[in-house]
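Trainee: I have this structure open and I'd like to know what stands behind the labels people put on it. Can we go through it together?

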Amino acid sequence: MGDLFLKQRENWWVWIVWGVIGFISSKLMLSMLDNTWWVLLAPVTILVILTAWMNFNRRFDFTRALKILMLVGTISLVPLFEQRWSRWDQMIHIAVESGTLIISLLTVSIVCALLAKRPKQYY
């Protein structure tokens, strides 16, 4: 029963570092590949690794896991947004593709947060 009512403070620098790792991997894959959806595999892989670690630790609830995964995913997707925003000639396509990236990030983060949450504890 050790820390039943103890609120844990989040070390956000650790998650920012994971986001930077995802940023670098996305940038490297973007330089090798041209297809956005294949480049999206790098941030998704980072999120799945973090989900597995969160599930193993069993100390993350849904909202905490969702906040962390959204932060890491957003930092990891910056190269994709940067690539899309470099072409200003077709604003409608930029908005639609950016919206699609954000919706896919949100979907992956929600699914991963559901998998990472700790089970209900009954005392």
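Trainee: Leaving aside neighbours within four places in sequence, which residues is Trp15 in contact with?

Mentor: Trp15 is in contact with Glu10, Leu50, Trp53, Met54, Phe60, Ile68, Leu71 and Val72, once its neighbours within four places are set aside. Keep in mind that this is a predicted model.

Trainee: Okay, so how confident is the predictor, going by the mean pLDDT of the chain?

Mentor: The mean is 83, and 87% of the residues reach 70 or more. Among the helices, H2 has the lowest confidence, with a mean of 82, while H1 has the highest, at 92.

Trainee: And how many helices and strands are there in the chain?

Mentor: Five helices and zero strands. Reading from the N terminus, the elements run α-α-α-α-α.

Trainee: Which residues have the most contacts inside the largest nonpolar core?

Mentor: Trp15, Met54, Leu69, Val72 and Leu80, in a core of 21 residues. The elements giving two or more residues to this core are H1, H3, H4 and H5, the last being residues 91-116. H4 supplies the largest share, seven residues. As a general point, nonpolar side chains in soluble globular proteins tend to be buried together.

Trainee: Why is Phe60 called buried?

Mentor: Buried means under 20% relative accessible area. Phe60 has 0% relative accessibility, so it counts as buried. Phe60 is in the loop between H3 and H4.

Trainee: What does Phe60 touch, not counting residues up to four places away in sequence?

Mentor: Phe60 touches Trp15, Trp53, Met54, Ala65, Ile68, Ala116, Lys117 and Arg118. Take Arg118: Phe60 and Arg118 are 58 residues apart in sequence, yet their C-alpha atoms are 5.8 Å apart in space.

Trainee: Where is Glu10 placed?

Mentor: In the segment before H1. Setting aside residues up to four places away, Glu10 touches Trp15, Arg64 and Ile68. Glu10 and Arg64 are 54 residues apart in sequence and 9.0 Å apart in space, C-alpha to C-alpha.

Trainee: Hang on, how can Glu10 and Arg64 touch with their C-alpha atoms 9.0 Å apart?

Mentor: A contact is heavy atoms within 4.5 Å. The 9.0 Å value for Glu10 and Arg64 is C-alpha to C-alpha, so it isn't the distance that the contact label is judged by.

Trainee: What makes Thr51 and Ser98 buried?

Mentor: The cut-off is under 20% again. Thr51 is at 7% relative accessibility, so it counts as buried, and Ser98 gets the label because it is at 8%. Thr51 is found in helix H3, residues 41-57, and Ser98 in helix H5. Leaving out residues up to four places away, Thr51 touches Leu69, Cys112, Leu115 and Ala116. With neighbours within four places left aside, Ser98 is in contact with Phe81 and Trp85.

Trainee: How do you know that Lys27 and Glu82 meet in a salt bridge?

Mentor: The label needs a side-chain nitrogen of Lys or Arg within 4 Å of a carboxyl oxygen of Asp or Glu. For Lys27 and Glu82 the N to O distance is 3.0 Å, so the pair passes the 4 Å limit. The two sit in distant parts of the chain, 55 residues apart: Lys27 is in helix H1 and Glu82 in helix H4, residues 62-85. The structure holds one salt bridge.

Trainee: Are Lys27 and Glu82 buried, partly exposed or exposed?

Mentor: Partly exposed covers the range between under 20% and over 50%. Lys27 is at 37%, so it counts as partly exposed. Glu82, with 43%, is partly exposed too.

Trainee: Which residues make the nonpolar surface patch?

Mentor: Val20, Ile24, Leu28, Met32, Leu33, Trp38 and Leu41, over about 710 Å². Helix H1, residues 12-32, gives the most, with four residues.

Trainee: What makes Leu33 fit for a patch, given its relative accessibility?

Mentor: Patch residues need over 30% relative accessible area. Leu33 is at 36% and counts as partly exposed, so it clears that bar. Its place is in the loop between H1 and H2, the latter being residues 36-39.

Technical notes
Residues numbered from 1 in each chain as written. Predicted model: local features only at pLDDT ≥ 70, side-chain atom pairs only at ≥ 80, totals over all residues. Heavy atoms only, no water. Patch = residues over 30% accessible without salt bridge, like charges linked within 9 Å, V, L, I, M, F, W, Y side chains within 5 Å. Areas by Shrake-Rupley, 256 points an atom, 1.4 Å probe, with all protein chains shown as cover. Buried < 20%, exposed > 50% of the residue type's maximum accessible area, 1.4 Å probe, protein only. Core = buried A, V, L, I, M, F, W, Y, C linked by side-chain atoms within 4.5 Å. pLDDT = per-residue confidence, 0-100.
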